[in-house]
Amino acid sequence: MPENEGAERDLSALELPQWGRLRETGDPWDPYQLIDKDGRVCAEAQAFFKDLQAAGREDTTLRSYALDLLRWLRFLWVLDIRWDRATSAEARDFMRWMLLADKPVRVHWRLQLRPQTAAPKGPGAVVRRPPPGTLNPVTGKSSPGVKYAAATRAHCETVMRTFYDFHLREGTGPIINPFPLDRSRQASRANTHHNPMERFKHERTGRYRPKVPKRIPRRIPDEMFNAIFAALKYNRDRAMLAFWVSTGVRAEELLTSTNRDALPGEQVIGVIRKGTRDYQRVPTSPDAFVWLRLAQEEAWRRGVPRGRNAPLWWTLRRP
């Protein structure tokens, strides 16, 4: 099929229907299943997920890859094109659509269960969310816009190129990857003339991969942090916030700690890292251990287990 086929395709009125879905199974051997528009499991997607799992990817990574793959398959389903018949023309139009089209507005699943009511109007109406793209005056971060972000488009392009590379190696897909590398990088080796005194550059760039701007580090003014800390009602919340800010670890990593991982004498706390799943002790502030001790005393009076292997963080209500 020629590469320029479909150049006259009208993408301005194209909308992706909510065909297919991603099903969470709860099975560690097959955590997610991609269901096509006919209600069947996509075998080509499951083979790709197994390959990712064998490479040590986390379940959250599988879910992220599956959602991007589902978006691409919906695009092909609308065009009535099989996944293994797609060419670079479809890949080009898909990336153009993600660049120019608005993101589909989905109704939250909680609201889907409620009866549809008219939205309040007038000066007394309550606006729960700021308009898309609104800049946060405290953190300086803008809210999600109506268009797909450059990072989302870049991640989707990487997932699609990896998906077709996998089936190209296995011999189960097309003989040419619809998401090729940049023309200027196909005939040469990456970092061919690399200077050992400099850092490596990301030269293996996809042809349709957008340029992602550098992100500004997340920040919050000290006075705003003090206001948030003072507004917390429980010592457990103060301890968690103090550990989270002073250590710099992810919130889900902090929740993996047990009682034996908190070492106030050494001013460190042990966590399990997300990517490598390695156990690591990270330094923290002395104030965090003060709030932790106060929270532990309150929890122990409520009957929380005191064993060394017991979880460090407990909810304030049963279970």
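**Figure 1. The second largest pocket of the predicted model.** In this predicted model, the second largest pocket encloses about 1,300 Å³ of space. Its lining comprises 32 residues, and those closest to the pocket centre are Lys141, Ser142, Arg215, Ile216 and Arg218. Helix 5 (150-170), helix 7 (222-231) and helix 8 (235-247) each contribute at least two residues to the lining of this pocket. Sorted by class, the lining of the second largest pocket consists of 17 nonpolar, 8 charged and 7 polar residues.

**Figure 2. The contact of helix 1 with helix 5.** Helix 5, which also supplies residues to the lining of the second largest pocket, is shown here with helix 1 (residues 43-54). In general, the packing of two helices is described by the angle between their axes and the distance between the axes. The axes of helix 1 and helix 5 come within 10 Å and cross at roughly 95°. Angles of 65 to 115 degrees count as roughly perpendicular, and helix 1 and helix 5 are therefore roughly perpendicular to each other. On the side of helix 1, the contact involves Glu44, Ala45, Ala47, Phe48 and Asp51. These residues meet Val159, Thr162, Phe163, Phe166, His167 and Arg169 of helix 5. The residues of this contact comprise 6 nonpolar, 3 charged and 2 polar.

**Figure 3. The largest cavity and its lining.** The structure contains 1 cavity of 30 Å³ or more. The volume of the largest cavity is about 50 Å³. Its lining is formed by Trp29, Asp30, Pro31, Tyr32, Phe49, Lys50, Gln53 and Leu62. Strand 2 and helix 1 are the elements that give two or more residues to this lining. By class, the lining of the largest cavity divides into 5 nonpolar, 2 charged and 1 polar residues. Helix 1 thus appears in two of these views: residues including Phe48 and Asp51 meet helix 5, while helix 1 also gives residues to the cavity lining.

**Figure 4. The hairpin of strand 1 and strand 2.** Strand 2, one of the elements that line the largest cavity, is shown with strand 1 as its pairing partner. Strand 1 spans residues 21-27 and strand 2 spans residues 30-35. The two strands pair in the antiparallel sense over 5 bridges. Between strand 1 and strand 2 lie 2 residues, and the two strands form a hairpin. Arg21 has Ile35 in strand 2 as its bridge partner. In a regular strand, side chains alternate between the two faces of the sheet.

Conventions: Residues numbered from 1 in each chain as written. Predicted model: local features only at pLDDT ≥ 70, side-chain atom pairs only at ≥ 80, totals over all residues. Heavy atoms only, no water. Pairing = 2+ DSSP bridges. Helix = DSSP H or I, 4+ residues; strand = E, 2+ residues; numbered from the N terminus. 1 Å grid on protein atoms, 1.4 Å probe; cavity = no way out; pocket = protein on both sides within 12 Å on 5 of 7 lines; lining within 4 Å. Points joined across faces, edges and corners; volume = space filled by probe spheres on them. Nonpolar A, V, L, I, M, F, W, Y, C, P; charged D, E, K, R; others polar. Axes fitted to C-alpha atoms, helices over the stretch in contact; angles between N-to-C directions. Parallel < 35°, antiparallel > 145°, perpendicular 65-115°, else oblique. Contact = heavy atoms within 4.5 Å.
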